[in-house]
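Subject: Structure handover

Hello,

Here is the structure I said I would pass on. Please open it alongside this note; my findings follow below.

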Amino acid sequence: MNTDPEPVVVSAEPAPPKGRGTGRNPTPRYARQSRESEPSHDEPSHPRTVVSIDATRSVLSRNDSPDLPFGQSLNPYRGCEHGCIYCFARPSHAYLDLSPGLDFETRILAKPAAAELLADALRRPDYRCEVLAMGTNTDPYQPAERDWRITRSVLEVLLDCRHPVAIVTKSARICRDLDLLGELARHELVSVFVSITTQDNDIARTLEPRAAAPAARLKAIARLTQAGVPTGVLVSPIVPALTDHELEHILQAAYDAGARFAGFSLLRLPGEVAALFEDWLVQHHPLRASRVMHAVRATWRGEVSSSAFGARMRGHGPYAKLIAQRFALASRRLAMSGAPRLVTRRFRPPAGGQLGLGV
């Protein structure tokens, strides 16, 4: 048996700015020119967040993936200030000619017309009501929501139309909308997943630098549950050889806080995320870096991600099967099931307005 210690990996990359997941800004893959930045003593140590307006003319996205439990989604923001280094949405910033690195965390695009555009879509004669998912790409309750309140305006439309919505967030800011969420719950129109990756504050502080602390997320679960909002926990992503040992503990803590359903997903590192995550490992967990990446590749048949339908969230092989078994056993012991079925029969199209509003 090989008893040699894990090799110590030394990072050549500078540490990320405080409160950011990365300091790197790799060139967007669709850019025509490569970008090289010269180190400068004049560069700010705390790069500020800039929120711009996304002038999109549609807000509903549809998918037919068997890996996802929803057919349509709405994301009020592009980019996410939470800065989670593992975020699978990072590569989407390349479509904006922005970097999946620091740009993703600091160059946020908001959709202030989202509520109007949603109402426009819901009043179309051919619209058929089905659950709308929020938080599937970027967090609807990231810091920008404090001032822009776009997510709240969307919820107001959904409540008025009696339209079901399923929300995923890792922010305690969701509790600011307890009035709307409680009323939606009264009509069986909402479910919430609070995502918890780790309960280790030291890991969370750099892994998810601007997301709510683990304890704050558990308090959010408790407040949502007390307000009558069906709330569960999403243990996501499970990071092999780093946070996987916490699976049962997170489920238990969430159950104690009031969560009554649960889900999980394994870490996957699509596109530019892989290099960013490896840099993070070397910066913050140099003694574990090789072991973690080896375990990640063992989960994805030698790769670090997969786009194939059927197992994109759960992985392959013995490790993935073991995680699934542990999750099943723990959730069964706690009587935690899947999210409740939301009703669609109460839907009523928005009154008034004009088709093709597009503002």
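The charged end of Arg268 sits over the ring of Phe88, 4.8 Å from the ring centre. A second arginine, Arg314, lies over the face of Phe264, at 4.1 Å from that ring's centre. The criterion: NZ of Lys or CZ of Arg within 6 Å of the ring centre and within 35 degrees of the ring normal.

Some ground rules. This is a predicted model, where local features need pLDDT of at least 70, side-chain atom pairs count only at pLDDT 80 or more, and totals for chains, interfaces and linings use all residues. Residues are numbered from 1 along each chain as its sequence is written, and side-chain values use heavy atoms, with hydrogens and water left out.

**Seven-stranded sheet**

Helices (H or I, at least four residues) and strands (E, at least two) are DSSP runs, numbered from the N terminus. Strands pair if DSSP finds at least two bridges between them.

Seven strands make an open sheet in the order E2-E3-E6-E7-E8-E9-E10. Its pairing is mixed. E2 (61–62) and E10 (262–266) are the edge strands, each pairing on one side only.

Now the individual pairings. E6 (residues 132–134) runs parallel to E7, joined by three bridges. There, Leu132 stands opposite Val165. E7 and E8 are also parallel, over five bridges, and Ile167 has Val192 in E8 as its bridge partner. E9 (residues 231–238) joins E10 through four bridges, again parallel. Val235 faces Phe264 in E10, the residue whose ring lies under Arg314.

E7 alternates. Val165, Ile167 and Thr169 point to one face and are buried; buried means under 20% relative accessible area, exposed over 50%, partly exposed in between (1.4 Å probe, protein chains only). Ala166 and Val168 point to the other face and are not buried.

**Helices on the sheet**

H8 (residues 247–257) lies across E8 (190–196), E9 and E10, at about 160° to E9. Axes are lines fitted to C-alpha atoms, for helices over the stretch in contact, and angles run from 0 to 180 degrees between N-to-C directions.

H5 (residues 178–186) has these buried residues: Leu178, Leu180, Leu181, Gly182, Leu184 and Ala185. Their cover includes H4 (150–161), E7 (165–169), E8 and H7 (214–226). Contact here means heavy atoms within 4.5 Å. Glu188 follows H5, with a positive phi near 60°.

**Aromatic pairs**

There are four. Rings of Phe, Tyr and Trp (its six-membered ring) pair if their centres lie within 6.5 Å; planes under 30 degrees apart count as stacked, over 60 as edge-to-face and the rest as tilted. One of the four is Phe193 with Phe261, edge-to-face at 5.1 Å centre to centre and 85° between the planes. It links distant parts of the chain: Phe193 is in E8, Phe261 in the loop between H8 and E10, 68 residues apart. Phe193 is buried at 16% relative accessible area. Phe261 is buried at 4%.

**Three-stranded sheet**

The order is E1-E5-E4, open, with mixed pairing. E1 (50–53) and E4 (77–78) are the edges, each pairing on one side only. E1 pairs with E5 (residues 107–110) in the parallel sense over four bridges. Val51 has Ile108 as its bridge partner in E5.

**Cysteines**

How many disulfides does the search find? Zero, across the whole structure; the cut-off is a pair of cysteine sulfur atoms within 2.5 Å. The sulfur of Cys129 has its closest cysteine sulfur in Cys161, 9.1 Å away, too far for a bond. Cys161 is buried, at 0% relative accessibility.

Best wishes
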